[in-house]
Amino acid sequence: MTAKATRQVFGETIAKLGETHPEIVVLDADLSKSTKSDLFAKKFPDRFFEMGIQEANMIGVAAGMAGAGRIPFICSFACFIAGRFDQIRLSLAYGNANVRIVGSHAGVGIGEDGYSQQGLEDIACMRSLANMAVIQPGDDLECAGAIEYLLTHQGPAFLRTTRQSLERVNAEGYQFQFGKAVQLREGADVAIFATGGTVQGAVRAHEALKASGIHARVVNVHTLKPFDAEAAIKAGRECKGGILTVEDHQIIGGLGSAVAEALAEGGVGARLHRVGIEGFGESGTPEELYRHFQLDAAGIEQRVRRFLG
Amino acid sequence: MNPATQTETREQTLARLRKLAQGFRVDIIEMLEKAASGHPGGSLSVIDLVTALYFQQMRHDPKNPAWPERDRFILSKGHAVPAQYAALAGAGYFPREKLSTLRRLGGLQGHPVNTLTPGIEACTGSLGQGLSIAQGLAMASKADGDKFRVYCVIGDGEMQEGQIWEAALSAAKYQLDNLVCVLDYNKGQIDGYVKDVMPLEPIADKWRAFNWHVIEIDGHDFGQILDAFDEARRTKGKPTFILANTVKGKAVSFMEDRIEWHGAAPSKEQAQKAIEEIKQS
Ligand SMILES: Cc1ncc(C[n+]2csc(CCOP(=O)(O)OP(=O)(O)O)c2C)c(N)n1
């Protein structure tokens with residue numbers, strides 16, 4: 001099975017798109033080897049800007065470049081870049097600048113570095129900003145599709161990528177549709193809504209649950225904002241056991257919150273259980289941490305069983 | 001506290017510190033090899049400075065890490081925390097066996113966390129934040145009658161963060177002569193050499209212009225390190241900036257000044273070779 005880190009896909013895709021889109025510029029804050037923007041830098045040194053360790057300045061510079069017709073992709077770890085919230089809030093969101101924020105190293109999936117480098121609140125922060133689109137691809141095809149889409153998108157957007165490899169969950173020929181959740185597996189006993197690094201585990205959990213007669217719908221939410229409320233309302237109505245959300249992010253403000261908001265406002269009284277990080281992340285291998293926080297297939301399966309009672 | 005220091009000659013002090021730092025370098029390599037990840041370059045460049053602080057300069061009590069009058073040390077370039085862990089274990093803040101838990105689930109965290117590890121004073125790891133915390137400690141200490149001094153180590157790459165310059169500006173306003181900022185000037189960061197990524201020179205002039213007392217030293221020469229800390233103590237009305245020229249990966253030939261060793265762990269064989277070299281140094 002194909003597996004690739006979405007940060008790698010970002011690097012390869014943006015380097016390819018650079019050939020046909022002279023308006024693309026890429027900026028990084030001393031993490032180009034990690035965010036993979038170095039692949040663009042090598043090919044287009046004149047359109048790559050090494051800003052040093054100064055994320056706040058990079059955001060403003062990108063806003064300026066967007067004002068002169070460029071499409072800047074600005075790259076750092078998700079925690080560091082989303083952490084410069086006020087700069088993003090005013091210079092990008094309020095000003096509706098055509099800047100793409102690429103936050104890599106999403107979640108505890110980065111492993112050993114620990115909480116200080118783990119983006120765990122970035123979706124919540126970015127979702128709260130008007131004008132800001134929030135995308136987290138679940139595999140390589142989706143990531144490439146999302147980046148191509150972002151060349152035509154109007155306004156600022158946040159793209160969240162992983163350090164770790166993600167198994168391909170979509171079929172060859174997949175077409176990315178902005179704002180539309182993707183149903184990966186059918187089922188009406190319960191629904192699992194996943195995003196980014198947890199999608200592969202949700203698909204595997206589906207198989208394991210099926211073996212014991214539980215049919216779990218698996219929905220991959222690549223666009224967290226605008227959120228596909230219809231998909232949540234539909235699952236809430238059709239899946240008897242309710243909806244379980246799973247994300248490598250705080251359970252507050254991310255996918256789980258988006259689903260809760262959609263269900264409540266849609267007047268659907270479905271049961272909901274949010275799986276994700278509660279508290280801080282920590283050091284450990286990526287596998288250990290996914291097991292510890294129950295974000296892997298076995299963890300998701302266990303949480304679904306417990307949820308169903 | 002350092003009872004040993006009262007009876008030592010200067011030569012003995014320097015020899016003692018050199019020996020300690022040598023042992024800590026071995027600890028750093030062993031920790032990173034075992035963890036299979038982490039940052040050797042910046043840990044090896046900073047360890048002499050950290051050793052001088054914990055084993056000569058600072059008033060502190062490993063048996064009482066919460067002693068209100070202890071001098072404070074903040075490693076703002078938090079990724080070099082293996083250096084601090086080695087020194088903390090050496091000073092007796094926690095058992096040495098704990099070093100082998102670095103970066104393991106439930107073990108020593110990959111970056112400093114004050115709520116989890118005795119001897120750590122702040123959470124760092126997002127660059128640029130430590131000097132402001134040090135400034136706040138220094139301001140509080142001053143208000144309380146100058147009960148303790150505050151030391152902060154920053155990286156050269158880290159100096160590109162705007163917040164560093166905000167702290168530089170405001171620490172001078174408050175005339176924090178109980179605050180020392182040490183720059184671990186190893187000339188490297190992740191994407192390359194500092195001079196290529198985002199040039200910083202003239203560094204000393206910049207800090208002088210910000211009204212700091214500036215001292216330039218060789219950050220691997222314990223005599224110069226101790227003299228600089230003493231000079232900082234005697235300096236009144238201004239914070240002190242120590243520009244410590246260091247070598248990234250110091251004491252391991254194949255790591256020295258090599259950007260690729262910023263954040264890569266040595267293999268078993270590499271670790272063995274590194275430890276042999278450190279023991280010869
Ligand atoms: C705000 C922030 N941005 C980026 C990083 C990622 N990062 C970790 S270490 C490092 C390079 C640090 O260079 P320097 O301060 O010179 O440290 P040293 O060379 O002494 O290890 C970077 C960019 C970070 N930890 N924090």
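The following questions and answers set the computed features of this predicted model against their definitions.

The model is predicted, with local features requiring pLDDT of at least 70 and side-chain atom pairs counting only at pLDDT 80 or more, while totals for chains, interfaces and linings use all residues. Residues are numbered from 1 along each chain as its sequence is written, chains are lettered from A and ligands numbered from 1 in the order in which they are written, and side-chain values use heavy atoms, with hydrogens and water left out.

Q: Why is β10 of chain A said to pair with β13 of chain A?
A: Two strands pair if DSSP finds at least two bridges between them, and strands are DSSP runs of E with at least two residues, numbered from the N terminus. Strand β10(A) (residues 190-194) and strand β13(A) (residues 243-250) are joined by 4 bridges and run parallel, so the criterion of at least two is met. In one of these bridges, I192(A) has L244(A) as its partner.

Q: What makes β9 and β14 of chain A edge strands?
A: The open, mixed sheet has the order β9-β11-β10-β13-β14. Strands β9 (182-185) and β14 (272-277) each pair on one side only.

Q: How do you know where β5 of chain B stands relative to β3 and β4 of chain B?
A: Strand β3(B) (residues 179-185) pairs with β5(B) in the parallel sense over 6 bridges, and 6 bridges also join β4(B) (residues 213-218) to β5(B), again in parallel. A244(B) of β5(B) stands opposite D184(B) and opposite I217(B).

Q: Why is strand β5 of chain B called mostly covered?
A: Buried means under 20% relative accessible area, with a 1.4 Å probe and protein chains only. In β5(B) (residues 240-245), 5 of the 6 residues are buried.

Q: What makes the enclosed spaces of this structure cavities?
A: On a 1 Å grid over the protein atoms alone, a cavity is a set of points where a 1.4 Å probe fits but cannot get out; lining residues have an atom within 4 Å of a point. The search of the whole structure finds 2 cavities of 30 Å³ or more: the largest holds about 50 Å³, and the second largest about 40 Å³.

Q: How do you know the character of the lining of the second largest cavity?
A: Ala, Val, Leu, Ile, Met, Phe, Trp, Tyr, Cys and Pro count as nonpolar, Asp, Glu, Lys and Arg as charged, and the others, Gly among them, as polar. By class, this lining has 6 nonpolar, 2 polar and 1 charged residues. Strand β1(B) (residues 72-75) gives the largest share, 3 residues.

Note on methods. On a 1 Å grid over the protein atoms alone, a cavity is a set of points where a 1.4 Å probe fits but cannot get out, and a pocket is an open set with protein on both sides within 12 Å along at least five of seven lines; lining residues have an atom within 4 Å of a point. Grid points are joined across faces, edges and corners, and a volume is the space filled by probe spheres set on the points. Buried means under 20% relative accessible area, exposed over 50%, partly exposed in between (1.4 Å probe, protein chains only).
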